[in-house]
Amino acid sequence: MKTLLAALALSTALVAPGLALARPVTLTTTMSAYGGDGAYLAIYVTDAQGAYQGSLWMAGTKSKYYEHLSDWYRATAGNTAEINGITGASVGAGRELTITLDLADALFDAGYVLHIDAAVEDMRDSPSEIVVPLTSAGAGQATPGRRYIASFAYAM
Amino acid sequence: MLRSLHRWPGLMAALLLVVLALSGAALSVFPAIEAVQTPAQAEAGLSVAILATRIRTVHPGVEQIRRAPSGAITAYWFEGGTPGAAVIDPATGAGVGSADASPVERWLKNLHRSLFLDDTGRIVMAAGAAAMLVLSLSGLSLLARRTGGWRKVLARLKGPLAGRLHVEIARISVTGLLLSSLTALWMTASTFGFVPQGAGPPSMPAVSGQTGVPLSDMPALRDTPVWALRDLTFPAPDDPTDAHALKTAEGEGYLDQGTGQLVAWTDAGMWEKVDETIYMLHTGRGAAALGLILGLMALGVPVMAGTGVWMWVAGRRLRPRLRGTVATGQADTVLLVGSEGGSTWGFAATLQAALNTAGLRVHVAPMQAFAPDRYGRAKRIVVLAATYGDGVAPASAKGFLDRLAALPGAPAIPLAVLGFGDRSFPAFCGYAHEVAMMARDKGWPMLLPLGTVDRQSPQDFARWGRDFGAAIGVPLELNHQPSAPASVALTLISRRDYGAKVQAPTAILRFALPRRPLWQRLTGRGLAGFAAGDLLAILPEGSLIPRFYSLASGHRDGFAEICVSRLPGGLCSAQLLDLAPGDTVRGFIRTNRDFRPTRGRAPVILIGAGTGIGPLAGFARENTAHRPMHLWFGARHPDSDLLYGDEMAAWQADGRLATVTTAFSRTAKRAYVQDALRHDSARIAQLIKDGAQVLVCGGRGMAAGVAEALTDILAPQGLTPAILKAKGRYAEDVY
């Protein structure tokens, strides 16, 4: 369980000015048994039009591989300042990544979309493997991924 | 210093390096398998446009096409809600093999690069690669030092098997190990971001928003041959803002879905190309043959680790713990030891013990620690110096000569120098000679002339001990048993006597091989594994110092046979010649690997006189393969001391000896073996031209006469015994 207190790189408009307007959200990503080394995952938010808003988490520490998270990389030009302080280890096949963040209330039910790009060494790139709108109603519902991610869910 | 730089990283990293090398060698096979399995690309100049069109015809849901350095093309698609992937035949666009890397390969790769410990493991393995690099470089320097210079690093080696094996394998594999360790370090640095990275893909440009242009209408795809392709990623379906992403050997960029035009591009930088080349050199992906060669070279590492540790243990065992050494300023006798492998320390310990018994106060130190101004009470300094290779200073004597040369004048304390070496090397006791010469030039008073000990001979050492004792007025009896192998009781089976008529009693003595208990056989101990030409050490009654006799038989013959002649006043030869069948003596084996026929079919010239016939007869007896062996043998009289006379005729008849030429010194002709050689000079010259190896056994005088005769015979060919010796084609066993 990784807990972050408002340490988000989300654009300032989306960060609640005080914790009163934020709530802890738990993101759970379960990897499938894809038969490869640990996966790199970029978890980030876009608006309804697909414009990048900010990153929530980067699983995988070596920046030379970030270009394989191609949607995130295109949106950020690989700028590691976007993930400063919100980086952890890559996630092995069959493992689960759970992170708890204090997310601004304004992120929910406002058309924002959470994306997860995934990539594994010597295997295909899987940009936007998870694309799920952030809504209060969607909380707790599992979304399956396409290649590496068995399911993803967020809970408030 | 250099040796420490080789020894300690080697010992510490040995196990790690074995894991690295074995996993690397196993991994080297995969690129070759992949290269064999990859469908050949029949069409020269096939473009990415055509390839991608073919693949999309078969798999409309294709998302990504990659070309591996091996040439294998993999397509990834998403169809009917499931992802799929396959290695593609470029001629059809259809899948022909699994795209998944083998789990075995993945397991090996993770072991090889990180011991399954992620970043910690990567750092450990990188340290292993760094150790490999240091070992390769320090090992090469040691080899150059040992052989006498960089130009001679390929020279033939002498010495114990472990050492030779270590160096022979190193010479074969060092290039590969240097390459693999350097590229490994680069790759680790690159993984951790310590080397400059390429620019990466350009930023995503604005696109036309149109879709649907055929792949064949995209000029960049038409112009890119398949061999230059790295990756082609198709736009997400139904996303008009996306574009085709193309990566080639030249760079990477985006292609508009609506216009087909290149809308952004960055050229591959130098660092990307360097990275790619280094990856290929390390993994063999894209250079499968090189990979296999590197893999084979890596297989030498476990052997080198084993022999290296073995040599270290053996060297340590030889170096005794010195007891009772007194402080520098208190000693009346200073022993300075110049040892390479450690055996000279053993002699030093024996000398120290004998001097202590005689009531002297002895300080023992490596020659490196030479500090004459601190030897306040010393009355004598003794230098015991081995020689490394071609006359080079041994490890513990580094810098001694420089320090001596830098002294304003010679020390007043008188000096004795004893050199340890091997007469089969051209520069016998070369370093000790150098020390003695510089001491003389400096005007350093000498207690006695330079002494020498050949191949750790306890007799030589004991002889020098008596001379040294006489010089300092202390009777010294040095009983040194270098490696003190356990001796076994040998029972005489039979004896054949010769030479009585010429007042030179000589006998061929044949001993039974003692039965070896199982544990001795398992541990390789006891009397086993010897060959003709090895030495049988006999411990005479009443003496701890063994005498060495060349063996005329191998263990396969089932007996140990030696030739002994009575030496005036000789304790051991007298005891041996008094043995009757059934009597026993104690003895052990000392290998003498350099004195035996080399492998192959080249002719062998055997030259011997007197009891020197022993090992030569043994070589002939073992020559059941009928290799051309030519014997020249000198004796006194054919009726008296023609040792092995009956066998010689039989061996010649059945082809084990091609020719036998004898010379007799007590007949009317009065010929020595060297005279017979000169008489047959044309035949010998021809044999040498045919690649013959020369093996000489006998007394020192005879060997010198033979060498002189051969020098004359070989001169027209521009050869000398020394040149042949350097090539391993001339060996002497002299006593």
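Start in chain B, and select strands E22, E21, E20, E23 and E24: in that order they form an open sheet of five strands with parallel pairing. Keep in mind as you look around that this is a predicted model. At the two edges you'll find E22 (659–664) and E24 of chain B, each pairing on one side only. Look along the sheet and you may catch the twist, which averages 10 degrees from one strand to the next.

**Inside the sheet**

Now pick E20, residues 604–609 of chain B. Five bridges join E20(B) to E23(B), and the two run parallel. To see one of these pairings up close, show Val604(B) and its bridge partner in E23(B), Gln693(B).

Stay with E23(B), which covers residues 693–698, and add E24(B): these strands also pair in the parallel sense, over five bridges. Here, click on Cys697(B); its bridge partner in E24(B) is Asp733(B).

Is E24(B) mostly covered or not? Select residues 730–734 of chain B to find out: four of the five residues are buried, so to speak of the strand as mostly covered fits the definition of burial used here.

**Helices to add**

Next, show helix H21, residues 700–714 of chain B. H21(B) lies across E20, E21 (629–635), E23 and E24 of chain B. Compare its direction with that of E23(B): the helix runs at about 150 degrees to that strand.

Then go to helix H17, residues 613–622 of chain B. How many of its ten residues are buried? The count is ten of ten. Click through them if you like; among them are Ile613(B), Leu616(B), Phe619(B), Arg621(B) and Glu622(B).

**Over to the contact with chain A**

Time to bring in the other chain. Where chains A and B touch, 19 residues come from chain B and 15 residues from chain A. On the chain B side, select strand E2 (73–79), strand E3 (82–88), helix H4 (103–114) and helix H6 (161–191), the elements that each give two or more residues to the side touching chain A. Colour that side of chain B by residue type and you get nine nonpolar, eight polar and two charged residues.

**Last stop: chain A**

Finally, hide chain B and look at chain A alone. Chain A has one helix and nine strands. Trace the chain from the N terminus and the elements go β-β-β-β-α-β-β-β-β-β. Of its 156 residues, 43% count as buried. Turn on contacts as well: among those in chain A with a separation of 6 or more, 68% come from residues 24 or more positions apart.

Notes: Residues numbered from 1 in each chain as written. Chains lettered and ligands numbered in written order. Predicted model: local features only at pLDDT ≥ 70, side-chain atom pairs only at ≥ 80, totals over all residues. Contact = placed C-beta atoms within 7 Å. Nonpolar A, V, L, I, M, F, W, Y, C, P; charged D, E, K, R; others polar. Buried ≥ 20, exposed ≤ 12 C-beta atoms within 10 Å, placed from the backbone. Pairing = 2+ DSSP bridges. Axes fitted to C-alpha atoms, helices over the stretch in contact; angles between N-to-C directions.
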